[in-house]
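Reader: I've got a new model open and would like to talk it through with you. Shall we go question by question?

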There are 2 protein chains.
Amino acid sequence: MKQTTYSIRDLATEFDVTPRSIRFYEDRGMLSPRRAGQQRVFDESQRVRLKLILRGKRLGFSLEECQQLINLYDPQTGNQVQLQSLLAKIAERRAQLCRQREDIDTTLRELDQAETRCRASLDTRQSNTH
Amino acid sequence: MKQTTYSIRDLATEFDVTPRSIRFYEDRGMLSPRRAGQQRVFDESQRVRLKLILRGKRLGFSLEECQQLINLYDPQTGNQVQLQSLLAKIAERRAQLCRQREDIDTTLRELDQAETRCRASLDTRQSNTH
DNA sequence: CCTTCCCTTTACGTAAACGTAAGTTGGGTT
DNA sequence: AACCCAACTTACGTTTACGTAAAGGGAAGG
């Protein structure tokens with residue numbers, strides 16, 4: 001079994017973030033790498049967590065919300081009430097994400113129109129200056 | 001022609017933001033409502049601008065980026081170079097938005113899986129406790 | 001052994017996006 | 001006229017998400 005591990009620099013480079021950010025996420029309890037002496041050692045699961053954090057960030061979630069999103073993925077064996085509220089949170093997130101998709105689609109359409117106008121303007125200039 | 005106008009409270013209520021935020025956007029030059037004495041008076045175009053700002057925010061853009069996005073929509077009659085760079089910016093935004101869409105789709109799929117596991121856990125409990 | 005790196009911790013600094021309090025103004029009501 | 005309410009300005013406070021400087025540890029190379 002090959003135990004792939006990563007240094008803080010490895011992950012920082014791979015995901016294009018600063019080591020400072022990664023340490024900050026650890027401070028917040030969002031990551032918990034092993035240690036080799038003082039040095040942080042990240043395994044694959046920690047790498048995935050970081051990946052999820054950054055994906056959440058790209059979607060405009062705060063770190064707090066990213067945390068919640070990630071928590072949805074490992075079903076901490078809670079009681080029924082917790083599972084029910086978990087389902088509710090999932091539904092909520094889903095609604096939020098669907099809304100974002102619509103926002104994106106709307107924006108993409110508007111960008112299309114903007115590009116069309118832009119190209120039209122370029123064409124006009126070309127035929128005028130010639 | 002009916003000239004619909006809005007007070008700051010109207011817009012704040014409609015979009016569920018505070019008047020403070022709206023004033024802040026004006027301070028940043030993102031909105032420029034008319035004035036009736038001291039009072040701000042927003043017309044439809046200003047309302048749309050606010051809408052665009054908030055949509056940008058939902059997508060995780062900074063106000064700076066929201067500004068840029070909105071600027072893409074009114075083609076300031078610039079020269080060819082400006083239009084070219086505008087097209088480049090549009091392409092860039094489009095790429096970013098497409099990436100976000102993929103992020104969302106991925107996250108939605110993972111939420112599906114989380115929900116499935118969650119329901120399975122609930123089912124197990126039900127048949128066990130009975 | 002000395003220098004060079006990269007890692008580490010600690011701690012103060014900062015930009016963005018408002019929140020909030022304090023005091024003012026102006027229009028409508030009783 | 002007195003009062004209320006909402007909007008206004010000014011200005012300082014706050015939270016989030018890091019940036020950055022300072023000071024030190026350890027291993028690798030010359």
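Author: Happy to. One term before we start: helices (H or I, at least four residues) and strands (E, at least two) are DSSP runs, numbered from the N terminus. Keep in mind that this is a predicted model.

Reader: Then let's use that numbering on the DNA. Which element gives the most to the surface near DNA strand C?

Author: In all, 17 residues surround DNA strand C, and among the closest are A:Arg9, A:Arg40 and B:Ser21. Two or more residues each come from helix 1 (8-15), helix 2 and strand 3 (39-43) of chain A, and from helix 2 and helix 4 (63-71) of chain B. The top contributor, with three residues, is helix 2 of chain B.

Reader: And what classes of residue make up that surface near strand C?

Author: Nonpolar residues number four there. The rest of the surface near DNA strand C is made of five charged residues and eight polar.

Reader: Over to the other strand. Which element gives the most to the surface near DNA strand D?

Author: Here 16 residues surround the strand, with A:Ser21, A:Ser62, A:Leu63, B:Arg9 and B:Arg40 the closest. At least two residues each are supplied by helix 2 (19-27) and helix 4 (63-71) of chain A, plus helix 1 (8-15), helix 2 (19-27) and strand 2 (39-41) of chain B. By class, this surface has four nonpolar, six polar and six charged residues. With three residues, the one that gives the most is helix 2 of chain A.

Reader: Now chain A on its own. In what order do its elements run from the N terminus on?

Author: Chain A holds five helices and three strands. Reading from the N terminus, the order is β-α-α-β-β-α-α-α.

Reader: Is chain A a compact globule or more spread out?

Author: The globule rule gives 14 Å for 130 residues, and the radius of gyration of chain A, at 22 Å, is well over that, so the chain is more spread out than a compact globule. Along its principal axes, the C-alpha trace spans about 70 × 40 × 30 Å. As for burial, the share of the 130 residues of chain A that are buried is 18%.

Reader: How about the core: which residues touch the most other members?

Author: The largest nonpolar core has 16 residues. Helix 2, helix 3 and helix 4 of chain A and helix 5 (80-129) of chain B each supply at least two of them, and helix 5 of chain B gives the most, with three. The members with the most partners in this core are A:Ile22 and A:Leu50.

Reader: What does A:Ile22 contact, leaving aside its neighbours within four places in sequence?

Author: A:Ile22 is in contact with A:Ile8, A:Leu11, A:Ala12, A:Val17, A:Leu31 and A:Leu50. There is also a second, separate core of 15 residues, and its members include B:Leu31, B:Cys66, B:Leu69 and B:Leu72.

Reader: Next, the contact between the chains. Which element of chain A gives the most to it?

Author: Chain A and chain B put in 30 residues each. On the chain A side, helix 3 (44-58) and helix 5 (80-129) each supply at least two. That side divides into 15 nonpolar, five polar and ten charged residues. The biggest giver, with 23 residues, is helix 5 of chain A.

Reader: Last one: what kind of axis relates the two chains?

Author: A turn of 180° with a shift of 0.0 Å along the axis lays chain A on chain B with an RMSD of 0.1 Å. That relation is the one given by a two-fold axis.

Reader: And which residue of chain A comes closest to that rotation axis?

Author: The same surface serves both copies, with 100% of the contact residues of chain A recurring in chain B. The residue of chain A closest to the axis has its C-alpha at 1.8 Å, and that is A:Gly60.

Technical notes:
Residues numbered from 1 in each chain as written. Chains lettered and ligands numbered in written order. Predicted model: local features only at pLDDT ≥ 70, side-chain atom pairs only at ≥ 80, totals over all residues. Near = placed C-beta within 6 Å. Nonpolar A, V, L, I, M, F, W, Y, C, P; charged D, E, K, R; others polar. Contact = placed C-beta atoms within 7 Å. Rg over C-alpha atoms; globule rule 2.2 N^0.38 Å. Buried ≥ 20, exposed ≤ 12 C-beta atoms within 10 Å, placed from the backbone. Core = buried A, V, L, I, M, F, W, Y, C linked by C-beta atoms within 7 Å. Least-squares fit on C-alpha atoms with pLDDT ≥ 70 in both.
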